[in-house]
Amino acid sequence: MTIDLRSWTGALAAFLSGILAALALTNPARMRWPVTEPQSKIDQWISSQSTSVVVGAIVAVGACAYLQHRGSRRRAWAFVYSGVVVLILIRFLVAEEVGLDLLSVLGFAKTIAAGLILGGAVAASWDSRLGRNLLIIGVVSTWLAAQSSTGDLIPVSTSSIGEPAWALLLLTLICAVACAVTDDSELRISESEPGVAAAALAVVTGLAITQRILSSVVDRQENPPTFSGWLVMVASTVAVLTLTWFCVRRLDTTSGSGGFLWAATAVAAAATTVFADLTDRFFLDGDRTSPLVIAALAIIAVVFGLSRSRHRDRTIAGLALLAAIPLSEWIFDGEHELALLLRIVALGVGSGLLLGSVLPSNPVIGALGLTVPFTALVFMSIGQHEIETVSSTYVKHDPPSTYVEYNSELRAYVDASEPDAAFRAEAATIAYAYEAPPRSDGAALLMCVVVVATGIALRRRSPVDTPSPD
């Protein structure tokens with residue numbers, strides 16, 4: 001059997017690009033590092049992180065639409081390695097001590113670069129079944145697994161999960177350059193139906209900005225939420241679903257592929273309570289499962305789901321599995337490590353089944369759908385607990401780290417490796433993003449309703465648009 005080295009290199013580049021883009025676009029709601037800035041700047045910095053994800057998602061869809069119009073795969077891979085170069089430069093810049101203003105700017109540069117990488121990878125690999133599937137596996141599994149690293153202490157960074165590893169950055173760069181050099185110039189990106197690019201850009205812009213605005217409203221509710229607070233959250237969820245319905249109608253009139261948007265919305269909703277439990281594990285005593293183990297489980301689960309999605313119609317199976325995940329919150333919580341791992345596996349399988357059963361043939365719609373999990377900020381604000389910034393002062397001693405315990409709900413290790421014996425109060429402010437007790441039962445029920453609603457809307461659609469196999 002002849003091995004097509006060019007195809008396998010492109011597939012590997014798509015997989016690595018999906019991982020790298022997802023890492024750069026994922027910003028879990030926990031930040032644990034020393035910050036010596038005024039409280040107002042800390043608040044602005046936290047707010048800018050969600051906004052930067054919105055910008056990155058818009059860039060991803062816009063880049064994919066532009067590349068499809070140009071038709072050049074080499075140009076698409078050029079977008080990918082250009083984005084990787086930007087991420088490498090950012091990693092160099094944050095190696096030194098920087099202030100929050102520069103971190104915010106670098107955060108926007110990081111998500112814009114991630115948008116270029118994701119948009120370029122989708123445009124270059126969507127026509128290849130192997131490349132498309134590996135890209136989806138890289139994006140979805142990394143999005144699932146990245147939440148598990150939020151309890152680890154990291155230095156100052158543009159993200160609460162740290163900067164991408166050097167090995168990932170360099171390997172992605174090498175593969176993207178190799179694809180740009182060796183790609184067949186006669187093999188062009190398939191043309192789009194008229195109006196699809198404009199519709200997709202309008203949808204991603206409207207949905208992402210609306211999610212950002214509504215999530216800030218939800219975050220300002222009391223914790224634990226009162227009746228009025230839950231009313232705001234339910235109203236925000238209904239508003240998101242209503243807007244998604246209008247967006248799907250618009251996509252169906254141009255390409256008949258709006259089902260992918262519903263599927264991605266269901267995946268994002270089903271994941272919220274799992275992500276809340278993943279971040280809560282930091283507050284639990286005892287050992288936690290390694291993020292690498294969780295990443296491996298997520299990859300295997302998504303691969304299995306995608307491989308089964310072509311066997312008849314797996315849409316119902318995927319929806320049922322996703323709907324069961326938030327309901328399992330009533331039986332298990334984050335303290336049951338094995339149950340949490342099983343829910344991650346179920347989430348990966350359900351995501352693969354559902355997304356694989358409604359894959360669009362148009363890469364721009366594919367890029368749009370892959371950005372939804374990152375921009376579903378209302379769901380994340382409901383599933384995750386309300387963020388409360390806690391500032392305090394501490395005295396630095398030997399040994400290199402000092403254990404600080406404020407109360408039973410807030411514990412953290414803080415860096416104490418500086419040689420100075422003590423700091424004055426104004427010079428030793430430590431900022432944490434800290435979650436209060438969970439809203440698990442109500443959030444679980446609401447997210448289950450979202451999955452069921454998306455399933456009903458998905459099943460009632462008449463257009464069916466799936467890519468043909470190679």
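Let me start with helix α5. Of its 18 residues, 15 are buried, so α5 is largely enclosed by the rest of the structure. Keep in mind that this is a predicted model.

What should α5 span, and what does it span? The helix runs over residues 129–146, and at 1.5 Å a residue it should cover 26 Å. The C-alpha atoms at its ends sit 25 Å apart, which agrees.

One residue to look at here is T142, which belongs to α5. Is T142 buried or exposed? Its relative accessibility is 9%, so it counts as buried. The cut-off for that is under 20%. Set aside neighbours within four places in sequence, and T142 touches I19, A22, L23 and I137.

Now the whole protein. DSSP runs give 15 helices and five strands. There are 470 residues, and 56% of them are buried. How much area is exposed? About 19,300 Å², with carbon and sulfur atoms supplying 63% of that. On contacts, take those with a separation of 6 or more. Pairs 24 or more positions apart make up 87% of them.

Next, helix α8. How does its reach compare with expectation? The helix has 28 residues, and from first C-alpha to last it reaches 41 Å. At 1.5 Å a residue you would expect 40 Å, so the two values are close. Which residues of α8 are buried? The list is G229, M233, S236, T237, V240, L241, T244, C247, V248, L251 and D252. Just past the end of α8 comes G256, and its phi is positive, about 70°.

Pick T244 out of that list. T244 is part of α8. Its relative accessibility is 2%, which means it counts as buried. Which residues does T244 contact, beyond its neighbours within four places in sequence? They are L207, L261, W262 and T265. Hold on to L207 and T265. Both names return in a moment, with the cavities.

So, cavities. Rolling a probe the size of a water molecule over the atoms shows where empty space is left. How many cavities of 30 Å³ or more does the whole structure hold? The search finds seven. The largest holds about 110 Å³. Its lining has 14 residues, and those closest to the centre are L207, Q211, T265, V372 and T375. Which elements give two or more residues to that lining? They are α7 (196–219), α8 (227–254), α9 (259–280) and α13 (363–375). By type, the lining has nine nonpolar residues, five polar and no charged.

So L207 and T265 are among the residues closest to the centre of the largest cavity. They are also contacts of T244. And α8, the helix that holds T244, is one of the elements giving two or more residues to the lining.

Last stop, L458. Where is L458? In helix α15, residues 440–459. Its relative accessibility is 7%, so L458 counts as buried. Leave out neighbours within four places in sequence. L458 then contacts G259, W262, T315, L319, L354 and V358. W262 is also on the contact list of T244. For a long-range pair, take L458 and A263. In sequence they are 195 residues apart. In space, C-alpha to C-alpha, the distance is 7.5 Å.

To recap. Helix α5 is largely enclosed, with 15 of 18 residues buried. The largest cavity has no charged residue in its lining. And L458, in α15, contacts both G259 and W262. That's my tour.

Terms used. Residues numbered from 1 in each chain as written. Predicted model: local features only at pLDDT ≥ 70, side-chain atom pairs only at ≥ 80, totals over all residues. Heavy atoms only, no water. Helix = DSSP H or I, 4+ residues; strand = E, 2+ residues; numbered from the N terminus. Expected span 1.5 Å × (residues − 1). Buried < 20%, exposed > 50% of the residue type's maximum accessible area, 1.4 Å probe, protein only. 1 Å grid on protein atoms, 1.4 Å probe; cavity = no way out; pocket = protein on both sides within 12 Å on 5 of 7 lines; lining within 4 Å. Points joined across faces, edges and corners; volume = space filled by probe spheres on them. Nonpolar A, V, L, I, M, F, W, Y, C, P; charged D, E, K, R; others polar. Contact = heavy atoms within 4.5 Å. Areas by Shrake-Rupley, 256 points an atom, 1.4 Å probe, with all protein chains shown as cover.
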